[in-house]
Amino acid sequence: MAWTRKILRVNLTDRTCTSEPLNMEWARDYLGQRGLATKYLASEIDPKVDPLSPDNKIIWATGPLTGTMASTGGRYSVVTKGPLTGAIACSNSGGYFGAELKFAGWDMVIIEGRASSPVYLSIENGKAELRDASHLWGKTVWETEGQIKAEHQDPQVRVSCIGRAGENGVLYAGIINDLHRAAGRSGVGAVAGSKNLKAIAVRGTLGVGNIANPKEFMKVTFEKKKILKENAVTGQGLPTYGTQVLMNVINEIGAMPTRNHKDVQFEGARKISAEAMHEPRETDGKAQLVNNQACFGCTIACGRISKIDATHFSVVNSPKYWGASGGLEYEAAWALGCANGVDDIEALQYANMLCNEDGFDPISYGATIGAVMELYEMGVLTKEEIGIEAPFGSAKALTYMTEITARSEGFGKVIGLGSKRLCEKYGHPELSMSVKGQEFPAYDARGVQGMGLTYATSNRGACHLRSYTISSEVLGIPVKTDPLTTEGKPALVKAFQDATAVVDSSGLCVFTTFAWALSDIQPQLQAACEGDWSMEKLDLMGERIWNLERQFNNDAGFTRKDDDLPPRLKTEGAKVGPAKGMVSGIDKMIPEYYELRGWDKEGRLTAETVARLGL
Amino acid sequence: MQKSLHIDPSKCTSCLQCEMACSFENYGVFNNSLSRIKVFEFHHTGAKVPYTCTQCDEAWCMHACPVEAIKLDKTNGAKVVLEDVCVGCKVCTIACPFGTVNYVAETGKVQKCDLCGGDPACAEACPTGAITYVDANWTGLERMRQWADKLGNQSA
């Protein structure tokens, strides 16, 4: 059990909401959330479909442990075909929305078609209806959430919605819930926008009460929470410093992509680090960081709540930004800072707030700005074209470009296309630091070789969360491997990819895996869900989910050549640090990885693999 | 020794483990809407504050009840709703100055914190020590210790 066994199917074209039973056979093979939603999507749409057409579908999905007392059990995923990449898109978010959807009695919401005018989906337990959202169109995420709560006269409604970026088709627009938690990557927000779907508002009071073995579940979840508490990363590092704990660590090992990957160390890293967020400012004597915040059910609590310096140039005339708000996470601080050479932490916080307020991915956005600044310094882009002088390191350029991107004004429309299309437009496709059209996150593939393979083979385009080998290559979890060698990395990446696919399908957060192995999650699933949930079954399931995504991408037209890194990472050696002179060994790793995966030389699943995994 | 729930909002992360533990203890379901302890988030300041019944000695709810459905549990000081007796008139919800007795439409009765019979599930589930169950006479002990540390525990 642990599933509600109910799916809400919403057809926007016909304006209908219908309930249907969950396919339990699929649930046993794909668990929930990422895996199960991908199974539904792959079975229902043509992989070649235009992502922004009515024929694409978009799915909000919880996992069996969403809405339970298992630590971090509040996750949901948004699965669709992504417009940034044309590949499978699957973005995962915390906050409180996922649990609320489950409490309302739904495992999943499948959205089809396209509404003729803006609508939002209102769910109150079993009652689901589409409501007019014309008055919400053009509003930010923050305004939308406030207005829906006011209209429903219910402060306990949870809202998952798009801001102006999603409406305007910014190709890396995200879906935001609870003001600053994001299903951030791959442009899932643009898909919602293309369907004229502004938001899902949900209030659930049914709860999750169908745990298979409640007594055992309480016992085992308490034991596992203790492991998180006692672990140095999940018990101390993350609650105290958030993911920003990594800023100085990654910089020191020379794996900090800086100025569009021209450099691998950022001289300003210290000024935008977790430590800097804790330090009192000269202007008001207060630290930027206010406190930490958990998502639903999370006993780690890595989330940052920050207050910007009200005297900073970006907000001095905008009091609405002066209150506490979602603070800098490592990836955002990197993308908005290191990728552009900007070391003004207040400017970063402002840009980060705009990403939340209007719903766009700070990773892809910041990395795109890195490309803009390089093109500006090369003289390809001019002040007239951009609207401001934009050399590397300019905080003014960063904040200006964030504002025009949020509003899709002028050059902001071009920035909203992402770095691949932008660099192609100006004749320098090689300067886009992306794979399959999605920008890299905050680890240089020259200094951490496993991450290069992670990026190249990630099913949703460059992404750190599909196989976070930083755990092993840098932090030594579960065992230390040498970040500078390619040896053994194909097997390491495959193992991480498969295990993460299970975590992402369970309802739990991948950050638990700093302390938990899959064997710590297995007994929690076993106690919650009826039937057999052995390690063997979970291992195979992770592999099955990965291959299902891959199969979808292959059918969408992706081939061997799409599993590659930009020339810069293969030809320009790292300038300094432990990896000095090194390039990515991606070409060496790919054939071995394909073989381990049971794919042919072109990266297609062999018939044996399809049969073995029951695809 | 009488004990009472002690809340330190500065330690709360709003994970809602307390709410789930409460609903599970009382109803066997994970359902925050049935929880007798609530965590409030104040976005503008970033504050998160758990709030529940403080078990007043001269409890307004107990005195207001016309059918004596709220009784003192002498072993722990809790004011306990007797569901069999409660008629759902909601007078106690008006009498309580703090809003911590609430009507449950599904059962037609009111509910409030009863300290789980002396072993509150919320305190056990709280991962940060924001909710503790301590000697009722010394709820200030930890804060006194912190100030004592500040005042007199400097190394020479």
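The following exercises, with worked solutions, concern a predicted model and treat its chain contact, its nonpolar cores and one buried polar residue.

**Exercise 1. The contact between chain A and chain B**

Task: Describe the extent and the chemical character of the contact between chain A and chain B.

Solution.

Step 1. Begin with the area. Together, chain A and chain B bury about 2300 Å², and carbon and sulfur atoms account for 57% of it. Of the area that chain A buries against chain B, 19% is supplied by Met69(A), Tyr96(A) and Phe222(A), more than by any other three residues.

Step 2. Turn to the residues. Chain A contributes 37 residues to the contact and chain B contributes 25 residues.

Step 3. Examine the polar component. There are zero salt bridges between chain A and chain B, whereas 15 residue pairs are in polar contact, both residues being at pLDDT 80 or more.

Step 4. Assign the side of chain A that touches chain B to secondary structure. Helix α7 (214–230) and strand β13 (289–293) of chain A each supply at least two residues of that side. The largest share, six residues, comes from α7(A).

Step 5. Classify the residues on that side of chain A: 20 are nonpolar, 13 are polar and four are charged.

**Exercise 2. The nonpolar cores**

Task: Identify the residues with the most contacts inside the largest nonpolar core, and place one of them in its surroundings.

Solution.

Step 1. The largest nonpolar core has 170 residues, and those with the most contacts inside it are Tyr365(A), Met401(A), Phe411(A) and Tyr443(A).

Step 2. Helix α13 of chain A, residues 362–377, gives the most to this core, namely seven residues.

Step 3. Take Met401(A) as the example. Leaving aside residues up to four places away in sequence, Met401(A) touches Tyr365(A), Ile369(A), Val372(A), Met373(A), Ile386(A), Ala390(A) and Ile415(A).

Step 4. Another core, of 28 residues, lies apart from the largest one; Ala104(A), Ala183(A), Val188(A) and Val202(A) are among its members.

Step 5. For context, nonpolar side chains in soluble globular proteins tend to be buried together.

**Exercise 3. Asn11(A)**

Task: Is Asn11(A) buried or exposed, and which atom does its side chain reach at 2.9 Å?

Solution.

Step 1. Locate the residue: Asn11(A) belongs to strand β1 of chain A, residues 6–11.

Step 2. Apply the cut-off. Asn11(A) counts as buried because its relative accessibility is 16%, and buried means under 20%.

Step 3. Trace the polar partners. At 2.9 Å, the side chain of Asn11(A) reaches the backbone nitrogen of Thr13(A). The side chains of Asn11(A) and Glu112(A) are joined by a polar contact of 3.3 Å.

Step 4. Complete the surroundings. Not counting residues up to four places away in sequence, Asn11(A) touches Thr16(A), Glu112(A) and Leu130(A).

Note on methods:
Residues numbered from 1 in each chain as written. Chains lettered and ligands numbered in written order. Predicted model: local features only at pLDDT ≥ 70, side-chain atom pairs only at ≥ 80, totals over all residues. Heavy atoms only, no water. Contact = heavy atoms within 4.5 Å. Buried area = accessible area lost by both parts, 1.4 Å probe. Salt bridge = Lys/Arg side-chain N within 4 Å of Asp/Glu carboxyl O. Polar contact = N/O pair within 3.5 Å; in protein donor to acceptor, adjacent residues only side chain to side chain. Helix = DSSP H or I, 4+ residues; strand = E, 2+ residues; numbered from the N terminus. Nonpolar A, V, L, I, M, F, W, Y, C, P; charged D, E, K, R; others polar. Core = buried A, V, L, I, M, F, W, Y, C linked by side-chain atoms within 4.5 Å. Buried < 20%, exposed > 50% of the residue type's maximum accessible area, 1.4 Å probe, protein only.
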